[in-house]
Amino acid sequence: MKPNRFQYIAAETIPEALHLLNTHQADVKIISGGQSLMPMLNYRVLSPQYLIDIGRLLELDSIVENAGVIEIGAITRYITIENSSLIQQYLPIMPDVIRHIAHLTIRNRGTIGGSLSHADPASEMPMLMRLLDAHFEIHSENESRIVSSHDFFLGPLHTILKSHELLTKILIKIPLGHLGWAFEEFARRSGDYALAAVGITVEVKSLSGKNLIHQLKIAMMGVGDTPLRLTSIENLMNGEEFSTDLLRQAKENIFNELDPRPDLQSSAEFKKHLASNIFTKVMNTAWERAMMHHSGGVSL
Ligand SMILES: Cc1cc2nc3c(=O)[nH]c(=O)nc-3n(C[C@H](O)[C@H](O)[C@H](O)COP(=O)(O)OP(=O)(O)OC[C@H]3O[C@@H](n4cnc5c(N)ncnc54)[C@H](O)[C@@H]3O)c2cc1C
């Protein structure tokens, strides 16, 4: 199919983009990489009258470090983030996660801001932002605000963004400690959207001769309407010694707590099994890496 007619405007400046959004807010869509929007226009799921292209707003195509915070402009493409030496140095989990997104052609065009604004519950970037406790800078013509990733995602393809607002920047604090991290997902074919995925970061804290789980963060996707943080499991494990018994208990709790919707590819029960099994694998890898950092071993 082909889209309904629309008027295409390529904004040259951020104020111009914000003005256009404000003027046409009842009937406008932003286009960034177009990898999700174009199929929706082609299938006429969406038929906006105005399409505002933000691809020329080059100040939004940047990755910088500012006072311990990595700032990523909203139109920065996956491929740029994956290859950024700053990201590889400070947030090595990010390139690893990005390599799981779709195929190279899509990663060449797709942008971080587009993925977050689209808010597909099976998308990797929203989950990673929840794991890293990212914040988002949002502008409209008359105001700006910073919102936490915790508050940003409201449901499938639904965020707190209003139609006249532009997501401009993603802010991620550089983790201070020596993080162990790991990410795994299960997709039926390489490049497909995943059925479930788990990301973990963790540190080791030595106390009275014991190595304790510290600053554990667990995020999941594909098993809820939004990306999830598993705070009850984090609370269960933080401050404890790592053991197979604790891991088994955590896995059991995850299975009991998750309440995913069944879909065309899998039942709710299958997703619960999948996510809790992936968790075990990811937790083992993240802990191994954290221990290696802690003992001054090779960084991964
Ligand atoms: C075959 C295929 C497979 C895919 N597989 C995966 C996958 O495995 N994992 C995954 O995560 N994604 C996948 N995607 C989606 C891909 O990652 C998209 O690039 C991404 O979801 C959207 O980014 P975009 O820059 O293309 O945004 P666009 O398509 O341009 O926009 C998406 C939505 O966000 C809005 N928007 C864009 N930028 C902003 C902004 N700055 N402020 C406010 N609103 C904005 C748009 O109005 C639109 O509603 C796949 C896509 C295809 C076609």
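The domain assignment splits the protein chain of this predicted model into three parts: domain 1 (7-53), domain 2 (58-173) and domain 3 (180-294). The C-alpha centres of domain 2 and domain 3 lie 22 Å apart. Their contact takes 17 residues from domain 2 and 19 residues from domain 3.

On the domain 2 side, α5 (93-98), α8 and β8 (153-155) each supply at least two residues. The largest share, six residues, comes from α8. By class, this side of domain 2 has eleven nonpolar, three polar and three charged residues.

**The whole chain**

The protein chain has twelve helices and 14 strands. Its radius of gyration is 20 Å, close to the 19 Å that the globule rule gives for 300 residues, so the chain is as compact as a globular protein of that length. The C-alpha trace spans about 65 × 45 × 30 Å along its principal axes. Of the 300 residues, 41% are buried. Among contacts with a separation of 6 or more, 62% join residues 24 or more positions apart.

**Around the ligand**

The shell around the ligand holds 29 residues. The closest are G33, Q35, G110, G114 and S123. Five elements are listed below; each gives two or more residues to this shell.

| Element | Residue range |
|---|---|
| β2 | 28-31 |
| α2 | 37-42 |
| α7 | 112-118 |
| α8 | 124-131 |
| β10 | 166-173 |

Which element gives the largest share of the shell? It is α7, with five residues. By class, the shell divides into 14 nonpolar, 13 polar and two charged residues. Domain 1 and domain 2 each give at least three residues to the shell.

**A closer look at α8**

Helix α8 appears in both settings. It gives two or more residues to the shell around the ligand. It also gives six residues to the side of domain 2 that touches domain 3.

Is α8 mostly covered or mostly open? It is mostly covered: eight of its eight residues are buried. They are E124, M125, P126, M127, L128, M129, R130 and L131. A residue counts as buried if 20 or more other C-beta atoms lie within 10 Å of its own. Just after α8, D133 takes a positive phi of about 55°.

Definitions and conventions. Residues numbered from 1 in each chain as written. Predicted model: local features only at pLDDT ≥ 70, side-chain atom pairs only at ≥ 80, totals over all residues. Near = placed C-beta within 6 Å. Helix = DSSP H or I, 4+ residues; strand = E, 2+ residues; numbered from the N terminus. Nonpolar A, V, L, I, M, F, W, Y, C, P; charged D, E, K, R; others polar. Domains from an automatic or database assignment. Buried ≥ 20, exposed ≤ 12 C-beta atoms within 10 Å, placed from the backbone. Rg over C-alpha atoms; globule rule 2.2 N^0.38 Å. Contact = placed C-beta atoms within 7 Å.
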